[in-house]
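Hi,

Here is the structure I said I would pass on. Have a look at it below, and then I'll run through what turned up.

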Amino acid sequence: MKKPQQEAKSTLWDECDLDNTPEGLGRDIKNKLFCMVGKFPEVATRNNYYLALAYAVRDRLLHNWVHTAKTYFDNTSRTVVYLSAEFLIGPQLGRNLVSLGIYQATAEALKGMGQDLDDLIEQEEEPGLGNGGLGRLAACYMESLATLRIPTIGYGIRYEFGIFDQEIQDGWQVEKSDRWLRLGYPWEINHPEVTFEVKLGGHTEPFTNDQGRYGVRWIPHRIVLGTPCDTLMQGYGVKTVNMLRLWKAEAHDSFDFQAFNVGDYYRAVNEKVVSENITKVLYPNDEPAAGKQLRLEQQYFFVSCALRDMIRIHTQRAKSLDNFHQKYAVQLNDTHPAIGVAELMRLLVDEHGMDWDQAWSITHQTFAYTNHTLLPEALEQWPLPLFQRVLPRHLEIIYEINQRFLAEVADRWPDDPARLRRLSLIDERGDKYIRMAHLACVGSSAINGVAALHTELLKATVLRDFYALWPDKFTNKTNGVTPRRFLALANPGLAKLITSRIGSAWVSDLDQLRGLEPFATDPDFQMAWQQVKHANKVRLAGAIRASTGIKVDPDSLFDIQVKRIHEYKRQHLNLLHVLTLYHRLKQNPSARITPRTVIFGGKAAPAYATAKLIIKLINAVAAVINTDPESRDQLRVVFFPDFNVKNSQHIYPAADLSEQISTAGKEASGTGNMKFSMNGALTIGTLDGANVEIREEVGAENFFLFGLTAAEVEQRKWQGYHPRALYEQNAELRAVLDLIESGTFSPEQPGLFQPLVNALLERDDYLLLADYSAYIEAQENVSHAYLDQADWTRRSILNVARMGKFSSDRAIREYCRDIWHVEPVAVK
């Protein structure tokens, strides 16, 4: 009997199945080398082979993507939309091979061609489309959403130049352009047929239409085109592939023939240059007014494109936007996309003719907001004149939102004008500002922090008035990281060892690592664990030698702090400990300490002079200690340049000690702390961010705690904090600061580091001197503990075994259950 036509069509999909054996992969790679790269083996370079392999892998992603997209289309699936100005996705080749389950088969196929998979993975240029934790979290969440089979679209910006490449010249950070596209980017699929016009500037005009309805027309000063570039996010061990759609700005008219013909060549391409600047670089310096305007334009540009793309997709099946909030759950990843609240209102009211109350109900139910900071200065605000100049219609909409919102507040607290001022979307103290965090809170149905402590501090400090108004809106969603990249891919030796004892299911169910606990005291397992760690340290030592010229001993304790350079993260407290050890060795040259290699890494914002001076001090200290015969055999200091996702995959697996030493109450969560622990490092840290929960999970005895609590920090400041008195009272601290001040580390410029010393003695905003003694004592406990390698290894195993909570899969399940109300969709 002849099968129905529909079944025949379905069968055609299966004819596209690709051969994932080494032989099949080898054929596909050779085909891509010929047909996509245009090379034959005898002349092909390493980059040619990388591109050929990437295209072969991309075919497999596309195969799964078409099945996924068709399933979502047929089911009209409720979709999570993740709006983020950053997606620090890292290199894609290794991650996709792991997710597809073809890593070993690919290695075999390449070996038959005389190529090494590790070399090709290293060849890949990393897209630096994020500054740090915010963008890396977004990438982890996109991977977990696909792994958990949750229909998702991520929307962001396709920066032509991402976070700068960092070089160290004469100890100073030097920023170089991140030319991640220069050798080709095979993971990207462009869709020039999908284009949106984005308005900027100009003015508004009220009007009344033929039906007597009042409306507002936005007459822009200029129009920029947004076109999407898609990267496919493959889930681990499933057919689901979700889409990360990044928007590129283009000119409405890219070339002015009239200007060109009269010899005005600059004006001929001026619109192209000005328009493309919007997506030219990640986070332009916003100190000058032009930089502020560009950042605002960037944020509005990608949010407007995203929301209109969502409407386009929705209306492929739906006849109206009445159930838009039922189709989409939109997460605002910090305040950068908060303008989406006003933009969705504009689209619904101005462009789709919806009345205000219905539009507000839909908007409010669509958005949810994740806060990532406790620093008041980091809560984004825009000068009102700038906002009015760039987004005149949105300012009117925000005024209307604010008027209605404050009326609600006044009904609740009728005689409290101070509360109205604190809650207003407009900061009217002096120069007026638009408060984007306030807009996000008012326009969202849910607000969450990213660690238990962070959420409680949000309620008590920066968002306390919103919590008093809407306590049910607030929830905690502790961050997580993907174990696929940061353990299975980054640390294959440890992953293999774990799998040999408890099986491979832990890769997608991290709670199963608890099965390692019985092996924590097993001598054979401990020896195997130590061998893996040592191999990772040897690998990192080689990378350090190649990038810095510094030779380090893999048998020493690897004490590592890698993160964005900032005073509150207190890299200089770590350095004070280094100098304390150095001072002791100089005072007693025959003294013996636990051999230690202290490794720093991280980038300073180009305009952050203090952070850049800290980097210079680290390198200056390293230059002295590493060449001093009285210290170099027991203590080494390294600044590993250009910390990024690729380099992190060498660093996390090699760490013995993880430095998580921020001032309590300043770090929202942190995710580096999780990556280190997941790879077997023990933590020295304060009760800040997710450190609190990590300590609860791994056990207090497996965590080196020190320092003031968040409450004690505030109390100390309230009582009056006098750092110079601590300097006078502590002889060792005084000796260390005097050593910096003396010019020992900057003989050609004796006063170079005086500003750092002055800041600590006069203000010490982040209480380094208050925590110094406790930190030194905790580090002495570390040194003593490391001498007992059996017990240290036991603690290391238990750290890994108890990290299940910190998988991004757990975090995403909580978002799905409590905020997004979305279910998995199976793709067959």
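The largest cavity holds about 90 Å³ of space. Bear in mind that this is a predicted model. The count of cavities of 30 Å³ or more comes to seven, but I'll stick with the largest one here.

Its lining is made up of Glu567, His572, Thr610, Ile614, Leu756, Ala759, Leu760, Arg763, Asp764, Asp765, Tyr766 and Leu768. Two elements give two or more residues to that lining: helix 24 (609-625) and helix 31 (754-762). Helix 31 is the top contributor, with three residues. If you care about the chemistry of the wall, the lining residues split into six nonpolar, two polar and four charged.

The other thing to look at is a helix pair. Helix 23 (residues 571-587) packs against helix 32 (residues 768-787), with the axes 10 Å apart and an angle of about 60 degrees between them. Angles from 65 to 115 degrees would count as roughly perpendicular, so this pair is classed as oblique instead. The crossing of helix 23 and helix 32 is right-handed.

On the helix 23 side, the contact uses His572, Leu573, Asn574, Leu576, His577, Thr580 and Arg584. Helix 32 meets them with Leu768, Leu769, Tyr772, Tyr775, Ile776, Gln779 and Glu780. Sorted by type, the residues of this contact come out as seven nonpolar, five polar and two charged.

One link between the two parts: His572 and Leu768 are among the residues lining the largest cavity, and both also take part in the contact of helix 23 with helix 32.

Cheers

Technical notes:
Residues numbered from 1 in each chain as written. Predicted model: local features only at pLDDT ≥ 70, side-chain atom pairs only at ≥ 80, totals over all residues. Heavy atoms only, no water. 1 Å grid on protein atoms, 1.4 Å probe; cavity = no way out; pocket = protein on both sides within 12 Å on 5 of 7 lines; lining within 4 Å. Points joined across faces, edges and corners; volume = space filled by probe spheres on them. Helix = DSSP H or I, 4+ residues; strand = E, 2+ residues; numbered from the N terminus. Nonpolar A, V, L, I, M, F, W, Y, C, P; charged D, E, K, R; others polar. Axes fitted to C-alpha atoms, helices over the stretch in contact; angles between N-to-C directions. Parallel < 35°, antiparallel > 145°, perpendicular 65-115°, else oblique. Left-handed = near helix turned anticlockwise from the far one by under 90°. Contact = heavy atoms within 4.5 Å.
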